[in-house]
Amino acid sequence: MAIKSIYSKYFQKSKVFLYPLLGIKRGAKVIPSETYIAWNNEIKAEDMKLVCLYHPNKNDDYLDYEKKVLLKHSRLSDIKPIDSNNKVFIFDFADIKNDWNNFINGEYSKISKENKSKILSFFDNNSANYVYMKSYLNPDKYFEDYAECLGVEVELLEKVGELCEKPDNEKETLIMKQANQKIIN
């Protein structure tokens, strides 16, 4: 499938590049409302932690998922209850430091082949999301498509090297206080 238009709005990079590396299958009954690479002053992007915000409830699906999937996850490093409607699960990615740094720097094409495969396997391969993700991870195969959409020379895109901007640290930072405080952003 060829790229016929450019996706130009900002999207949460941690949700499409990092969350799939948790190995949680697409279509799970419980998913984080948002994902982040930083949290207030508690976690910084350099800490290599994925911050997932969940809205726990007392229904059986959530409780079962939390018990069987989240609490047993090998990357889980911490859990921070915020209030009755918000809980943060923090996952450690320090074991893939190079790929984390490639992500932070927006050098998605340099992510390891193994992790590229994990990311792509999260998406339905017949979806537009899959095609976009594939182009971000393997830009050299899509320079011509993007050049045509943008009305630029292929050489310009080859010089830039990447087809997706790096994560916006401000948008990828959870702004939320603990201990029964309200969300402020």
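In the predicted model, Ser 14 touches Tyr 19, Thr 35, Tyr 36, Ile 37, Leu 50, Phe 103 and Glu 172, leaving aside residues up to four places away in sequence. Ser 14 is found in helix H1 and is buried, its relative accessible area being 0%. The side chain of Ser 14 is joined to that of Glu 172 by a polar contact of 2.7 Å.

Confidence in the prediction was examined along the chain. The average pLDDT of the protein chain is 92, and 95% of the residues score at least 70. An exception to high scores is found over residues 180-185, where pLDDT stays under 50. For this stretch the model has 11 contacts beyond four places in sequence. Where pLDDT is low, predicted coordinates should not be read in detail.

Helix H1 also contributes to a charged pair. The side chains of Lys 13 and Glu 165 form a salt bridge, with an N to O distance of 3.8 Å. This pair connects distant parts of the chain, 152 residues apart. Lys 13 belongs to helix H1 (residues 13-18), whereas Glu 165 lies in the loop between helix H7 (154-160) and strand E6 (173-174). The two partners differ in their surroundings: Lys 13 counts as buried because its relative accessible area is 1%, under the 20% limit, while Glu 165, at 47% relative accessibility, is partly exposed.

The count of salt bridges comes to 9. Among them is the pair of Lys 80 and Asp 78, whose side chains meet at 3.5 Å, N to O. Lys 80 is partly exposed, with a relative accessible area of 21%, and Asp 78 is likewise partly exposed, with a value of 32%. A further salt bridge, at 3.5 Å from N to O, is made by the side chains of Glu 107 and Lys 110. Glu 107 has a relative accessible area of 25% and is partly exposed. In general, side chains of opposite charge can pair when their charged atoms come close.

The arrangement of strands was considered next. An open sheet is formed by 4 strands in the order E1-E3-E5-E4, with antiparallel pairing. Strand E1 (34-36) and strand E4 stand at the edges and have a single partner strand each, so one side of each is left without a neighbour in the sheet. From one strand to the next, the twist averages 20 degrees. Strands of a sheet pair through backbone hydrogen bonds, either parallel or antiparallel.

Within this sheet, strand E5 (residues 86-92) is mostly covered, 6 of its 7 residues being buried. Strand E3 (residues 49-54) runs antiparallel to E5 and is joined to E5 by 6 bridges. In this pairing, Lys 87 in E5 is the bridge partner of Tyr 54, and Phe 89 in E5 stands opposite Cys 52. Strand E4 (residues 76-83) is also antiparallel to E5, and 6 bridges join the two. Here Pro 81 stands opposite Lys 87 in E5. Strands E4 and E5 form a hairpin, with 2 residues between them. Helix H2 (residues 60-70) lies across E3, E4 and E5, and the helix runs at about 15 degrees to E5.

Ile 90 offers a view of the sheet from a single position. This residue is found in strand E5 and is buried, with a relative accessible area of 3%. The residues touched by Ile 90, not counting those up to four places away in sequence, are Trp 39, Ile 43, Lys 49, Leu 50, Arg 75, Leu 76, Ser 77, Asp 78 and Lys 80. Two of these contacts, Asp 78 and Lys 80, are the residues whose side chains meet in the salt bridge of 3.5 Å. Ile 90 and Leu 50 are 40 residues apart along the chain, yet a distance of 5.7 Å separates their C-alpha atoms. Leu 50 is also listed among the residues touched by Ser 14, and Leu 50 thus appears in the contacts of both Ser 14 and Ile 90.

Conventions: Residues are numbered from 1 along each chain as its sequence is written. This is a predicted model: local features need pLDDT of at least 70, side-chain atom pairs count only at pLDDT 80 or more; totals for chains, interfaces and linings use all residues. Side-chain values use heavy atoms; hydrogens and water are left out. pLDDT is the predictor's confidence in each residue, from 0 to 100. Contact means heavy atoms within 4.5 Å. A salt bridge is a side-chain nitrogen of Lys or Arg within 4 Å of a carboxyl oxygen of Asp or Glu. Buried means under 20% relative accessible area, exposed over 50%, partly exposed in between (1.4 Å probe, protein chains only). Two strands pair if DSSP finds at least two bridges between them. Axes are lines fitted to C-alpha atoms, for helices over the stretch in contact, and angles run from 0 to 180 degrees between N-to-C directions. A polar contact is a pair of N or O atoms within 3.5 Å; within protein, one must be able to donate a hydrogen and the other to accept it, and residues adjacent in sequence count only if both atoms are side-chain atoms.
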